[in-house]
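The exercises below are to be worked with the sequence and the model open. Each task is followed by a solution in steps.

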Number of protein chains: 2
Amino acid sequence: MAASERGPRERMVFSAAQLIRRDGVTATGMRDVAVHAGAPRGSLQHYFPGGKEQLVNEAVDWAGTYAARRVGRFLAQLPEPTPSGLFAAMVRQWTDEYESSGFAGGCPVAAATVDCAQTTDSTRTAAAAAFARWIRPVADALADMGVPADRTESLATLMISALEGALLIARTERDVRALTTVVRELGPLLDASAVPAAPRG
Amino acid sequence: MAASERGPRERMVFSAAQLIRRDGVTATGMRDVAVHAGAPRGSLQHYFPGGKEQLVNEAVDWAGTYAARRVGRFLAQLPEPTPSGLFAAMVRQWTDEYESSGFAGGCPVAAATVDCAQTTDSTRTAAAAAFARWIRPVADALADMGVPADRTESLATLMISALEGALLIARTERDVRALTTVVRELGPLLDASAVPAAPRG
DNA sequence: CCCGGCTTATGACAGCGGTCATAGTAGCCA
DNA sequence: TGGCTACTATGACCGCTGTCATAAGCCGGG
């Protein structure tokens, strides 16, 4: 995460996402974000005239595009692309982090949803867009693997749902058990849904 | 939710859970809880000398036992108990609420996890206990339905993970789509795992 | 009557939140 | 040099938070 050589604006968005996924939106202060980003406090109102709401929304946006981009990288790294392999790679990103750096943070989109879904509609919308941007490449990848078109989006939704829920449980338990469990149990179902008889040329 | 005729203490715990699942832990103030419960503010420090931390932990506890108890009720209502039927009933509780009362609140345990998992260890532990208390009866029910003993807990974890994640997505989208999707996609897998010693046929 | 308890009632306090206002600096262009 | 724009720097404001201190009400028992 060498975010040191980016503009101060982008660094603040990145730091906001980091702090939000640790402590939640409400507990994350604007001053904290500036300090964490090594950015001057005065830049906050300059780059984010919309205040905290704008900063949070951009952090959620950033997280969504980041997650979506990761999907492409996972696919490129898979020796042979299978639904269970993709899902395992998505989950492994989290188990790796938890086992190497501790269970400090969760998903920033989930945090924004919990804290702002009812009060701040723009953030709720941003979170929905982030989930959609994340589901899209997963569903497309499933289609390429031979999953019927009418189930790709459903299975992608299921994968991300299971991942998000397992993240919550893993953080409470400080144990990756829930994450490895959903991979083990869901993998066969995902692969079974990919019928190789219908590969679109 | 006729919680009017319970002691003020229990009413405050109940109200805390209600407000937490709407706005998150940090955004929920002690004074708000007292007002929502129709309880005097002075009772807060009397019944909860441990402060907000104690109140939140008890709210999480309450949510866990409530969820666990619901499982038993779902089972009693099912005409013939199947894993997919149980899962559908668990999810339907949420779709019913969302369609009748709006997408105001999520799961209080999830909210406590997002907001306190890193900062307040006692709350993190309480959330883990709540999940465990919820998973237990689900796993036991799966065992009764013929699921092999070494998979009951795994499948229960998967069910609750998928539910929690779908809850997040549903709240952001203000649409029960994610909830109905996980039921539709996960149901067959769950039923297929229940082999009551009788092979296919 | 007064006396103990359990509860309720307020008021104050110290701290932090986001936001605004205002002033300062740096660098480029003419 | 002057002036313009982009960015930085502070300090103050008001509202709200959790918590404490203190005192009042209520009510059954002596």
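**Exercise 1.** In which helix is the place of B:Phe131? Then decide whether B:Phe131 is buried or exposed, and list its contacts beyond the sequence neighbourhood.

Solution.
- Step 1. The model is a predicted one. In it, B:Phe131 belongs to helix 7 of chain B, which covers residues 121-144.
- Step 2. Count the other C-beta atoms within 10 Å of B:Phe131: there are 26. The cut-off for a buried residue is 20 or more, so B:Phe131 is buried.
- Step 3. Set aside the neighbours within four places in sequence; B:Phe131 then contacts B:Val109 and B:Ile160, and across the chains A:Ile169 and A:Thr172.
- Step 4. As a distance check, take B:Tyr47: it is 84 residues from B:Phe131 in sequence, and their C-alpha atoms are 25 Å apart.

**Exercise 2.** Describe the side of chain A that touches chain B by its helices and residue classes.

Solution.
- Step 1. Chain A and chain B each put 42 residues into the contact.
- Step 2. On chain A, at least two residues come from each of helix 1 (8-23), helix 6 (108-116), helix 7 (121-144), helix 8 (149-173) and helix 9 (177-193).
- Step 3. Helix 8 of chain A has the largest share, 16 residues.
- Step 4. Sorted by class, this side of chain A holds 21 nonpolar, 12 polar and 9 charged residues.

**Exercise 3.** What rotation superposes chain A on chain B?

Solution.
- Step 1. The rotation is 180 degrees, the shift along its axis is 0.0 Å, and the RMSD is 0.0 Å.
- Step 2. The two copies are therefore related as by a two-fold rotation axis.
- Step 3. Both copies use the same surface, since 100% of the contact residues of chain A recur in chain B.

**Exercise 4.** Which elements give two or more residues to the surface near DNA strand C?

Solution.
- Step 1. List the residues around the strand; from chain A they include A:Arg31, A:Gln45 and A:Lys52, and from chain B they include B:Arg41, B:Ser43 and B:His46.
- Step 2. The elements sought are helix 2 (30-37) and helix 4 (51-77) of chain A, with helix 3 (42-47) of chain B.
- Step 3. Helix 3 of chain B gives the most, 3 residues.
- Step 4. By class the surface near DNA strand C has 3 nonpolar, 6 polar and 3 charged residues.

Conventions:
Residues are numbered from 1 along each chain as its sequence is written. Chains are lettered from A and ligands numbered from 1 in the order in which they are written. This is a predicted model: local features need pLDDT of at least 70, side-chain atom pairs count only at pLDDT 80 or more; totals for chains, interfaces and linings use all residues. Copies are superposed by least squares on the C-alpha atoms of residues with pLDDT of at least 70 in both. Two residues are in contact if their C-beta atoms, placed from the backbone, lie within 7 Å. Helices (H or I, at least four residues) and strands (E, at least two) are DSSP runs, numbered from the N terminus. Ala, Val, Leu, Ile, Met, Phe, Trp, Tyr, Cys and Pro count as nonpolar, Asp, Glu, Lys and Arg as charged, and the others, Gly among them, as polar. A residue is buried if 20 or more other C-beta atoms lie within 10 Å of its own, exposed if 12 or fewer, and partly exposed in between; C-beta atoms are placed from the backbone.
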